[in-house]
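User: I am new to this structure and would be grateful for a close look at a single part of it. Please begin with one residue and then proceed to its wider setting.

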Amino acid sequence: MEMFKVNSSAALQVAYDNGTLFVQYIEGEWYKYFHVPKNVFEKLCTAESLGKFLNQEIKPKYFCQPCPNPQI
């Protein structure tokens, strides 16, 4: 799994591994979102506003839970 640093006021890093999206929010916490299709992750990475995309397309649609810093 590879981490991608993002230019966002909402998040620091994102990663994707076999249907699971990992997001490190600006406050430092990590969350993982389950059953996220790869094309949705790709749209997130190219979104004009990562925070807006997370709030509209990820958070309301995919189950998530906090997680410790994922192993890279």
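In which strand is Gln24 found?

Analyst: The model is a predicted one. In it, Gln24 belongs to strand β3, which covers residues 20-25. The relative accessible area of Gln24 is 12%, and because values under 20% count as buried, Gln24 is a buried residue. The side chain of Gln24 has a partner in the side chain of Gln13: a polar contact of 2.7 Å joins the two. Gln13 also appears among the residues that Gln24 touches, together with Ala11, Leu12, Glu29 and Trp30; residues up to four places away in sequence are not counted here.

From this residue the description may pass to the aromatic rings. A search of the whole structure yields four aromatic pairs. One of them consists of Tyr16 and Phe41: the ring centres are 5.0 Å apart and the planes stand at 20 degrees, so this pair counts as stacked. Tyr16 lies in strand β2 (residues 11-17) and Phe41 in helix α1 (residues 38-46), so that the pair links parts of the chain that are distant, 25 residues apart. Both Tyr16 and Phe41 are buried. A second arrangement is seen in Tyr25 and Tyr31, whose ring centres are 5.8 Å apart; their planes meet at 75 degrees, and the pair is therefore edge-to-face. Tyr25 is buried, at a relative accessible area of 9%. Tyr31, by contrast, has a relative accessibility of 26% and counts as partly exposed, because the class of partly exposed residues lies between 20% and 50%. Tyr16 and Phe41 also belong, with Phe4, to one aromatic cluster.

Phe41 leads on to the helix that holds it, α1. Helix α1 packs with helix α2 (residues 50-58) at an angle of about 150 degrees, and the two axes are 8 Å apart. Because an angle over 145 degrees counts as roughly antiparallel, α1 is described as roughly antiparallel to α2. On the side of α1, the residues that meet α2 are Val40, Lys43 and Leu44. Their counterparts in α2 are Leu50, Phe53, Leu54 and Ile58. By type, the residues of this contact comprise six nonpolar, no polar and one charged.

In summary, Gln24 is buried and is joined to Gln13 by a polar contact between side chains. Tyr16 of β2 and Phe41 of α1 form a pair, and α1 in turn packs with α2.

Conventions
Residues are numbered from 1 along each chain as its sequence is written. This is a predicted model: local features need pLDDT of at least 70, side-chain atom pairs count only at pLDDT 80 or more; totals for chains, interfaces and linings use all residues. Side-chain values use heavy atoms; hydrogens and water are left out. Rings of Phe, Tyr and Trp (its six-membered ring) pair if their centres lie within 6.5 Å; planes under 30 degrees apart count as stacked, over 60 as edge-to-face and the rest as tilted. Helices (H or I, at least four residues) and strands (E, at least two) are DSSP runs, numbered from the N terminus. Buried means under 20% relative accessible area, exposed over 50%, partly exposed in between (1.4 Å probe, protein chains only). Axes are lines fitted to C-alpha atoms, for helices over the stretch in contact, and angles run from 0 to 180 degrees between N-to-C directions. Angles under 35 degrees count as roughly parallel, over 145 as roughly antiparallel, 65 to 115 as roughly perpendicular and the rest as oblique. Contact means heavy atoms within 4.5 Å. Ala, Val, Leu, Ile, Met, Phe, Trp, Tyr, Cys and Pro count as nonpolar, Asp, Glu, Lys and Arg as charged, and the others, Gly among them, as polar. A polar contact is a pair of N or O atoms within 3.5 Å; within protein, one must be able to donate a hydrogen and the other to accept it, and residues adjacent in sequence count only if both atoms are side-chain atoms.
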